[in-house]
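Reader: Hey, I've got a protein model open and I'm a bit lost. Could you walk me through it, starting with one strand?

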Amino acid sequence: MKQETNIYEIAKDAGVSIATVSRVINNSGSVSEKSRKKVTDAIQRLNYVPNGNARSLSTSTSTAVGVVIPDINNPFFSLLLQGITRAADEQGFQISLFNTDENRDREHRVLLSIREQRLRGIIVTPVSESDPITIERLLEFENHGIPVVLLDRELDSDFFDRVVTDDECGVYKAISELIRLGHERIAIITGPDDSRPGHERFTGYIRAMKEHGIPLNPDLIREGDFMVERAYEQTISLMSLPQPPTAIFSSNNMTTYGCLRAFSELGLKAGVDVSLIGFDDIDALGWLNYKVSVVSRAVPEMGEQAMRLLLQRFDTGRDSREGIRTCLPTELILRGSELRSDAAAT
């Protein structure tokens, strides 16, 4: 048997969904005889042996909920946890926290390790939306009575319940505001393109630029990873261009920190020398009276919504093959860092 074979490959070979493969393997849920035969034939062709380690996962009496996040140092996830914990406390559930450090391999190890724990459900922010191993392992939990809710990011499967925000619309409004103020050389430091937030925020940038007739400039599009150091390096590089941007959009709060660190070293001030709008608020900057314009969202509410979706699954189970998708709005909050007096002239 090929060690790397998984249910993602089985689904592709059989021409069915991953959820269908999981139901056949675990003999759970409704599957047509035609689909079942496609799956069993594919299993034989690929010599696939199902992983038996998950057979003792389910425990309906547990009051522990696993929360898997990608960056424990990011204040955004602290706010998510506030909302999750608030909703969990109301119903007597306890939270077990796991950190993946935005690393796929670590995420795989975390999901393997929590098989041994008595969890009633799982809330997870996956590292990548297209990771077949993570999808397979989360489906194993689902098929053993442990519901999964995705939070902030999604996966290439409609099976899971998820809570997200309208990131594309928020970024579109931010870039459109910068254009209205006279900016044309608008840079973006993106997030990872294999994550829903990274992809959707970049899409919002592209849509605003195109709809306002401003050509995309590859020099002003910089790849980030939602981390401070990479954003710092990209900001230094952007501001060293012969024609630097008059405005920068940072794709998450840690990216904003990186931009501000670079501005400080270069002797620049946001809202005076260069305009800046970030995605997600940063409470610490407000405490220091440092006013940064942001695309904001109700982060604790996102956590509450995810926990309530999980509680709903505990009570009612699943009555549909497609998960519930809750999409919350974003809001553009302007505090002055979007301004620059000579934007229209550059």
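**Starting from one strand**

Author: Sure, let's take strand E1. Both of its faces are covered: Ala64, Gly66 and Val68 on one side are buried, and so are Val65, Val67 and Ile69 on the other. Buried means under 20% relative accessible area, exposed means over 50%, and partly exposed is in between, using a 1.4 Å probe and protein chains only. Strands (E, at least two residues) and helices (H or I, at least four) are DSSP runs, numbered from the N terminus.

Reader: Before we go on, what kind of model is this?

Author: This is a predicted model, where local features need pLDDT of at least 70 and side-chain atom pairs count only at pLDDT 80 or more, while totals for chains, interfaces and linings use all residues. Residues are numbered from 1 along each chain as its sequence is written, and side-chain values use heavy atoms, with hydrogens and water left out.

Reader: OK. Why is E1 largely enclosed by the rest of the structure?

Author: Six of the six residues of E1 (residues 64-69) are buried, so the strand is largely enclosed. As for the two sides, side chains in a regular strand alternate between the two faces of the sheet.

Reader: Which strands does E1 pair with?

Author: E1 pairs in the parallel sense with E2 (residues 94-99) over six bridges, and also in the parallel sense with E3 (residues 121-124) over four bridges. Two strands count as paired if DSSP finds at least two bridges between them. On the E2 side, Val68 stands opposite Phe98; on the E3 side, Gly66 stands opposite Ile122.

Reader: And what do E1, H4 and E2 make together?

Author: They make a right-handed β-α-β unit, with H4 covering residues 75-90. Right-handed here means that, with the strands pointing away from the viewer, the path from the first strand over the helix to the second runs clockwise.

Reader: What's the strand order in the sheet with E1 in it?

Author: It's an open sheet of six strands in the order E2-E1-E3-E4-E5-E11, with parallel pairing. E2 and E11 (325-328) are the edge strands, each pairing on one side only. Neighbouring strands in this sheet are turned by 15 degrees against each other on average, direction ignored. Angles like that run from 0 to 180 degrees between N-to-C directions, and axes are lines fitted to C-alpha atoms, for helices over the stretch in contact. Further along, E3 and E4 (residues 148-151) run parallel and are joined by three bridges, with Val124 opposite Leu150.

Reader: How is the sheet with E7 and E12 ordered?

Author: That open sheet has six strands in the order E7-E6-E8-E9-E10-E12, and its pairing is mixed. E7 (221-222) and E12 (331-333) are at the edges with a single partner strand each, so one side of each has no neighbour in the sheet. Inside it, E9 (residues 275-279) and E10 (residues 293-296) run parallel over three bridges, and Gly278 has Val294 as its bridge partner in E10.

Reader: What lies across E6 and E7?

Author: H8 (residues 196-211) lies across E6 (186-189), E7 and E9, at about 165 degrees to E6. H9 lies across E6, E7 and E8 (247-250), at about 160 degrees to E6.

Reader: Switching topic: how do H9 and H10 pack?

Author: H9 (residues 228-239) and H10 (residues 253-266) pack at an angle of about 45 degrees, with their axes 7 Å apart. They are therefore oblique to each other. For the cut-offs, under 35 degrees is roughly parallel, over 145 roughly antiparallel, 65 to 115 roughly perpendicular, and the rest oblique. H9 passes H10 in a right-handed crossing. A crossing is right-handed if the near helix is turned clockwise from the far one by less than a right angle, and left-handed if anticlockwise. Among the residues in contact (heavy atoms within 4.5 Å) are Tyr232 and Ile236 of H9 and Tyr257 and Phe263 of H10.

Reader: And H5 with H6?

Author: H5 (residues 104-113) and H6 (residues 132-142) pack at about 15 degrees, with axes 10 Å apart. That makes H5 roughly parallel to H6, and their crossing is left-handed.

Reader: Last one: where is Asp101 found, and what does it touch?

Author: Asp101 is in the loop between E2 and H5. Asp101 is partly exposed, with a relative accessible area of 43%. Not counting residues up to four places away in sequence, Asp101 touches Pro70 and Arg106.
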